[in-house]
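Colleague: I should like to go through this structure with you step by step. Could you put it in front of us before I begin asking?

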Amino acid sequence: MSRVRLVTCAAAILVVGWVLARPEAARAVPSAPAASDAAMVSWGDCGDCHDVLAAELGSTHHGRVGFAMKSDRGCETCHGAVGTTAAHMDDPENPEFQPRMDKLSTEQQNATCLSCHENGNRLFWHGSKHEGRDVGCLSCHSVHSSQSEDGQLQAASQTEQCFSCHKDIRADIWKTSHHPIREGKISCTDCHNPHGAQSPKMVNAVSVNEQCYSCHTEKRGPFLWDHAPVRESCLNCHTPHGSNHLKLQRTSVPFLCQQCHSNTRHPGTLYDGFVVPTLENPETGSNRLFNRACLDCHAAIHGSNHPSSPYLGH
Amino acid sequence: MRANKAITGLLGCSALLCFVMGVAGTGAAVADEGFTFHLDPLVIENLYTDVDTESAKFEEYRDLGTGFRLRQLDLFGESEALDREMELKLRNAGRDDARYMFDYERIGKYGLYVDYNKIPHRFGNDGRILHVRTGPGRWEIADPVQQAIQDDILAAPTVDFAFLDGLIQPYLAAEADVDLGLRRDRTLARIDLAKDRTVSWMLELTHENRVGTRPFGASFGFNNVEELPEPIDYDTSGALVRGEWVGQKSALQFGLRQSIFENNISTLVWDNAFRATDSSGGSAYLAPSGSSRDGSATGFADLAPDNEALSFFVSGRTRFASNWWANGNASYIQMTQDEPLLPYTLNSSIEGVDHETGATFQATDVTALPVRNADTQVDVLSLSGDAGTAFGEDWSLTFHARYYDYSNDSPRIEFPGYVRYHAVWEEIARVTVPYAYTKQNLGAELAWDVTDTTNLALEYDLESWDREFREIESSDQDSVKLSLDSRPNQQVSVRASYELVDRSIGEYLTEAQEFSFVEPEGINNQPGLRKYDEAAKDSDIYSVLVQFFPADVWSVSFNLSGQKDDYPESEFGLLSDEVKQYGAEVSFTPGARSSFYLFGHLAERDVFQKARQSGGSLSTSPADDWTIAFDESNDMWGLGWTGRPAEDWTFDVTTRWSKSDGGADFTTFGGTPSSGRPNGQAVDIDNYEDIELLDVTFKVDWAVSERFGATFWYAYEDYTIDSFILQGLRNYLPGALLLNADNGDYTANIFGVQMKFSF
């Protein structure tokens with residue numbers, strides 16, 4: 001039994017024992033603050049005092065007049081009816097009566113948003129990695145003062161929003177080989193669903209490869225001659241967020257290929273600095289080391305349909 | 001294929017109908033009620049760009065050429081009845097990287113979204129080849145040139161570098177430059193019906209055309225490596241229909257998705273620079289050289305075949321009992337490809353030989369193939385689900401399970417042999433190998449709210465693989481992860497995790513390499529080699545992010561992450577791979593008139609791998625071993641400063657600097673690979689991708705009035721690359737006719753003036 005499994009089994013036994021020994025207490029599912037007709041106040045009522053907030057909201061989807069077609073409760077749609085409203089208006093400085101979202105727990109904030117936005121790509125929010133790690137809607141979005149063109153995000157763009165936590169990825173996209181993320185032609189959500197997915201790493205498709213095939217359809221095959229690791233995961237050879245090696249390779253060719261191939265003759269050959277060509281002495285160079293290296297001959301590395309190409313040549 | 005195209009056609013017609021209905025509805029609205037429009041903003045820009053080289057890297061994914069562009073246009077309109085909205089957005093209109101978006105919504109009823117996105121991808125400029133493109137998939141060399149080169153080679157007493165270099169250079173010098181690059185033109189149209197209702201529908205149609213060229217290996221042999229621009233003309237069409245039902249406690253999504261890929265240039269044919277007439281010989285794949293000057297006059301490649309994928313999916317979630325929830329997804333994907341096969345070769349001098357009967361046939365004859373079409377098919381069944389509950393005051397438990405079955409139903413096709421490098425018939429019967437696998441995950445997570453602001457979670461996952469036709473038929477990977485998320489107060493936030501991974505494998509079948517041979521040829525891979533994607537592995541993965549918000553105007557963060565993969569049972573191949581990353585960031589916003597940030601990120605990666613040099617037979621001598629230790633460091637720094645010295649003036653400075661410095665240290669042990677090297681020692685590579693990019697942008701905004709503003713900006717970019725794999729490239733190196741397209745160093749100065757209007 002592996003060390004990991006051993007540790008896990010021991011922990012599981014302890015947990016199950018503890019759970020069984022402990023009387024269950026139902027946990028209340030938080031819900032959005034309830035609206036009530038009796039206490040409803042208009043946009044204008046709130047805007048009288050909160051003019052800056054109202055102005056900011058006016059430029060967002062929630063502030064447009066068309067929003068009234070979806071909800072006639074104005075600010076109370078999110079902030080709830082404040083049986084406390086009257087008290088708040090009587091005593092606006094009293095924090096007890098201020099219907100501020102940041103007074104709510106993350107779960108309560110999420111419940112407020114999800115009361116309208118639980119459809120579409122939020123289907124799997126409940127149980128998602130972000131939810132599990134206490135990342136809430138308001139961790140990324142701002143209803144009143146968003147900075148982004150789309151998605152009402154706190155940051156200026158979707159990528160910047162993601163990079164506020166995923167800082168390693170921010171460094172990756174500045175590497176020389178990268179997807180056009182920093183140029184703004186694609187963004188994180190083209191591949192990932194931050195609101196939750198059933199797939200690992202919250203990719204939009206059911207597997208990494210299906211995700212990659214959505215843009216790189218020519219590599220989908222199935223081919224007459226396949227390269228097995230390609231079919232299992234594109235990430236075996238590529239690192240999608242950025243690389244210093246050509247074509248987002250994890251390690252540069254030919255060394256990447258030699259991490260799996262050490263056969264007789266050229267797959268096991270040493271390609272060191274001695275066979276790197278120089279302009280002064282070009283004939284010492286090995287054509288298996290420079291430029292496309294292995295891929296100049298094994299050009300169809302993702303798979304080939306050619307009867308003469310069992311070695312994925314053409 | 002035909003039936004599936006019918007589905008796409010049906011979906012397309014439905015979309016068109018809906019679109020027409022939507023537009024008709026809009027027209028009525030305009031006529032009856034009118035729209036109120038706001039143009040905010042309209043940004044017109046004039047660029048002046050100065051770049052010191054022709055490097056394609058400068059405009060790899062963008063278009064920054066000198067001249068005017070419509071940088072931005074945002075037009076928003078709403079009907080007087082307040083029940084309709086529309087939005088038109090243009091970015092970089094008219095440029096290679098333009099994007100156009102249109103959104104129309106009849107609130108609560110339907111919405112239409114159309115997006116047209118152009119994405120350039122430039123690979124290299126000013127490449128040089130002897131060939132001229134004479135057809136969609138045809139690269140030719142002028143017959144007299146091809147013949148003259150062949151005649152000179154056949155007449156030469158010695159064929160070596162000096163001879164070939166002298167022979168080729170004058171011809172290359174006379175050729176025109178070739179730029180390599182692609183452009184993706186993506187169109188998406190989406191219709192949402194009853195988006196906010198209990199039952200809603202969505203129809204999405206996509207089309208992408210990819211046109212251009214990219215570098216391609218078109219070699220004729222070990223001593224005749226050629227690179228050519230691969231002509232690209234792809235069309236990918238997609239359709240998605242999705243229905244959704246959202247109830248009080250449950251929701252369900254279901255849909256059908258189709259994707260059709262069509263390659264309008266399915267075959268590439270190109271002339272051999274060194275042969276004008278077909279010939280064959282036992283060593284022709286080594287030509288041109290002292291051992292042979294034979295070969296094919298033309299090469300040909302089967303480019304990416306047309307293919308399609310059709311998928312059905314059902315996803316759902318529910319809450320049940322008092323506090324349980326469950327999510328699930330079931331997807332079935334069918335991927336098919338049935339392209340007609342090409343003949344073994346275009347070299348008319350090659351005769352094929354049936355390995356069983358000894359009968360010969362013309363290898364250029366497509367009727368000699370055992371089958372005429374690829375007829376491949378893969379069926380993927382993906383099932384996944386998770387469920388969880390909360391118990392006690394502070395605990396929650398989640399279970400997850402995934403099943404992914406990649407079932408390859410393609411037939412095993414037996415070929416009597418193959419043509420090696422368009423040059424020689426190899427009487428080695430081969431059979432196609434339909435790789436297949438099943439991956440299963442099973443796990444659970446226990447989470448504990450230690451306090452109202454601190455959560456601790458322990459997660460376990462078991463990942464099992466079962467494969468067909470690979471070295472490892474079965475493996476189990478256990479991982480356990482401990483996560484901590486805490487925000488003890490408004491000033492501090494801590495997120496940390498540590499994961500331990502252990503992958504154990506079953507028997508390693510070294511004979512797997514023979515699965516594609518009809519008759520055993522003998523194993524020639526090192527038996528101690530373990531392919532890292534399947535090999536036994538131990539990993540440690542950790543991540544820490546600490547954020548401080550000591551005051552409203554300050555924030556500081558530190559991050560640390562790393563992963564170490566060890567392959568304890570591998571004697572050759574990848575043995576270890578470790579990455580460590582550190583970062584810090586500070587931002588300061590003293591008031592509405594100023595903000596500042598600075599961040600730094602350092603990363604170190606160490607990779608170690610081992611191989612053994614063999615000749616014609618497999619070496620068993622440890623003296624023939626050699627190793628590489630890669631050391632890569634990546635540093636990145638960035639700063640930004642925004643200020644508002646006066647009410648109408650704002651300036652903004654941003655800088656990014658990234659630097660990569662890598663080295664490869666080689667070690668030999670006195671055996672074959674050491675021979676010929678100075679002092680019998682391997683030579684290290686110091687420039688294992690040394691790259692530096694500095695990007696400084698300075699921008700000044702002047703709000704002239706409420707409706708008019710001006711922006712002046714300047715950007716400086718400096719990119720340098722020193723790469724072992726690109727250094728010293730020259731036509732004609734021994735056995736290489738390279739494109740040598742420029743994607744290297746550049747220094748660029750870009751000046752922009754923008755005028756911004758709002759109406």
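Colleague: How many bridges join E11(B) to strand E14 of chain B?

Modeller: Please keep in mind that this is a predicted model. Strand E14 covers residues 307-320 of chain B and runs antiparallel to E11(B). One pair to look for is B:Leu256 with its bridge partner B:Phe312 in E14(B). The number of bridges that join E11(B) to E14(B) is twelve.

Colleague: Through how many residues does a hairpin join E10(B) to E11(B)?

Modeller: Strand E10 (residues 225-246) and strand E11 (residues 250-263) of chain B run antiparallel and are joined by 13 bridges, and B:Glu244 has B:Gln253 in E11(B) as its bridge partner. The hairpin that joins E10(B) to E11(B) does so through three residues.

Colleague: Which are the edge strands of the open sheet with the order E6-E7-E12-E13 in chain B?

Modeller: Four strands form this open sheet of chain B, and their pairing is mixed. Within the sheet, strand E7 (residues 138-140) and strand E12 (residues 267-271) of chain B run parallel and are joined by two bridges, with B:Arg138 standing opposite B:Val269 in E12(B). An edge strand pairs on one side only, and in chain B that holds for strand E6 (132-135) and strand E13 (298-302).

Colleague: Which element gives the most to the side of chain A that touches chain B?

Modeller: In the contact between the chains, 99 residues of chain A meet 155 residues of chain B. Helices H1 (3-21), H10 (167-172), H12 (228-232) and H13 (255-258) of chain A each give two or more residues to that side of chain A. The element that gives the most, with eight residues, is H1(A).

Key: Residues are numbered from 1 along each chain as its sequence is written. Chains are lettered from A and ligands numbered from 1 in the order in which they are written. This is a predicted model: local features need pLDDT of at least 70, side-chain atom pairs count only at pLDDT 80 or more; totals for chains, interfaces and linings use all residues. Two residues are in contact if their C-beta atoms, placed from the backbone, lie within 7 Å. Two strands pair if DSSP finds at least two bridges between them.
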